[in-house]
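Here is a short briefing on one protein model. Look over the sequence and the fold, then read on.

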Amino acid sequence: MASRKTYNQFVLMICFVLLGQCGRIHNTEGGEDLVTATCKHTLHFQVCISSLKSVPGSKKSNPKILAYIALNLSTTYAAETLSYIHELKSSFTANGPNNNIYVSRCLSDCAEEYSEAIENLRDSAQALPNREFDKVDTLVCAAMSDAET
C-alpha cells in the first residue's frame, strides 16, 4: 500500500525543512556530507537518505538548496497520496459495488486536506528563495497538520 510509505516520506521531508530552516544544520559533522548530517536529525534516517540522495546534486548542495529539494519531494509525495485517495474514492461511488457513502465522504475530506497541504507546500517553496523563513515554517507546519488530519 503506497499511502503509508508516501505519508512517512512526506512527513519526513517536512521535518527536514523545519530543521534546516531553523538554522540547526549549517555545518556537517566529522566530514559527513550535508544529506547524511541532516538525516541524522530526522525520525526516519534511511527514508531521508534514500529520498534526498535520489535527487542529483543533493550531496553537494547547501542547506537552502536541500530545503528546496525537500519541499519539492514533499509536494510530489503529497500529490501521489492525493492521487491514491482519488483512486480509493472512485471505488466507493454511489452506484458501484462498494457503495459506502460514509467512506466516500471521509475520502473527500482527506482529499481536501491533502489539496491544502500541496498548496501550502507550493507556497512555502515560493517563499524560500525570498528568505521568508517564518512564512516557510508556518506553511510547512500547516501542511503537516493537513496531512495528519
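The points below go from the overall fold to helix packing, cysteines and single residues.

This is a predicted model. The protein chain has six helices and zero strands. One disulfide turns up in a search of the whole structure. Two helix pairs are described here: H4 with H5, and H5 with H6.

**Overall fold**

- Along the sequence, the pattern of the protein chain reads α-α-α-α-α-α.
- The protein chain has 149 residues, and 40% of them count as buried.
- Take the contacts in the protein chain with a separation of 6 or more: residues 24 or more positions apart account for 63% of them.
- The exposed area of the protein chain is about 8200 Å². Carbon and sulfur atoms supply 51% of that area.

**Helix H4 against helix H5**

- H4 covers residues 63-90 and H5 covers residues 101-127.
- Their axes lie 9 Å apart, and the two helices pack at an angle of about 160 degrees. That angle is over 145 degrees, so H4 is roughly antiparallel to H5.
- The crossing of H4 past H5 is left-handed.
- On the H4 side, the residues that meet H5 include Tyr68, Leu71, Leu82, Ile85 and His86. Small residues take part too, among them Ser74, Ala78 and Ala79 of H4.
- On the H5 side, the residues that meet H4 include Leu107, Cys110, Tyr114, Ile118, Leu121 and Arg122.
- Asn72 also lies in helix H4. With a relative accessibility of 34%, Asn72 counts as partly exposed.
- Asn72 and Leu121 are 49 residues apart in sequence, yet their C-alpha atoms are 8.0 Å apart in space.

**Helix H5 against helix H6**

- H6 covers residues 133-148.
- H5 and H6 pack at an angle of about 165 degrees, and their axes are 8 Å apart. Here too the angle is over 145 degrees, so H5 is roughly antiparallel to H6.
- H5 passes H6 in a left-handed crossing.
- From H5, the residues that meet H6 include Glu113, Tyr114, Ala117, Asn120, Leu121 and Ser124.
- From H6, the residues that meet H5 include Lys135, Val136, Leu139, Val140 and Ala143.
- Tyr114, Leu121 and Ser124 of H5 are among the residues that meet H4. Tyr114, Leu121 and Ser124 are also among those that meet H6.
- Ser145 sits in helix H6. Its relative accessible area is 42%, so Ser145 is partly exposed.
- Ser145 and Glu113 are 32 residues apart along the chain, and 8.7 Å separates their C-alpha atoms.

**Cysteines**

- The disulfide joins Cys39 to Cys48, with an S to S distance of 2.1 Å.
- The link of Cys39 and Cys48 is left-handed, with -70 degrees about the S-S bond.
- Are the two linked cysteines buried or exposed? Cys39 has 0% relative accessibility, so it counts as buried. Cys48 also has 0% relative accessibility and counts as buried.
- Cys106 is in no disulfide. The nearest cysteine sulfur belongs to Cys110, and it is 9.1 Å away. A disulfide needs the sulfur atoms within 2.5 Å, so that distance rules out a bond.
- Cys106 counts as partly exposed, at 32% relative accessibility.
- Cys141 counts as partly exposed as well, at 34% relative accessibility.

**Single residues to check**

- Thr36 is found in helix H2, which covers residues 34-39. Thr36 has a relative accessible area of 14%. That is under 20%, so Thr36 is buried.
- What does Thr36 touch, not counting residues up to four places away in sequence? Its partners are Phe45, Ile49 and Lys53.
- Arg131 is not a glycine, although its phi is positive at about 60 degrees.
- Where is Arg131 placed? Arg131 lies in the loop between H5 and H6.
- Arg131 has a relative accessible area of 56%. The cut-off for exposed is over 50%, so Arg131 is exposed.

Notes
Residues are numbered from 1 along each chain as its sequence is written. This is a predicted model: local features need pLDDT of at least 70, side-chain atom pairs count only at pLDDT 80 or more; totals for chains, interfaces and linings use all residues. Side-chain values use heavy atoms; hydrogens and water are left out. Helices (H or I, at least four residues) and strands (E, at least two) are DSSP runs, numbered from the N terminus. Buried means under 20% relative accessible area, exposed over 50%, partly exposed in between (1.4 Å probe, protein chains only). Contact means heavy atoms within 4.5 Å. Accessible areas come from the Shrake-Rupley method with a 1.4 Å probe; for residues, only the protein chains shown count as cover. Axes are lines fitted to C-alpha atoms, for helices over the stretch in contact, and angles run from 0 to 180 degrees between N-to-C directions. Angles under 35 degrees count as roughly parallel, over 145 as roughly antiparallel, 65 to 115 as roughly perpendicular and the rest as oblique. A crossing is left-handed if the near helix is turned anticlockwise from the far one by less than a right angle, and right-handed if clockwise.
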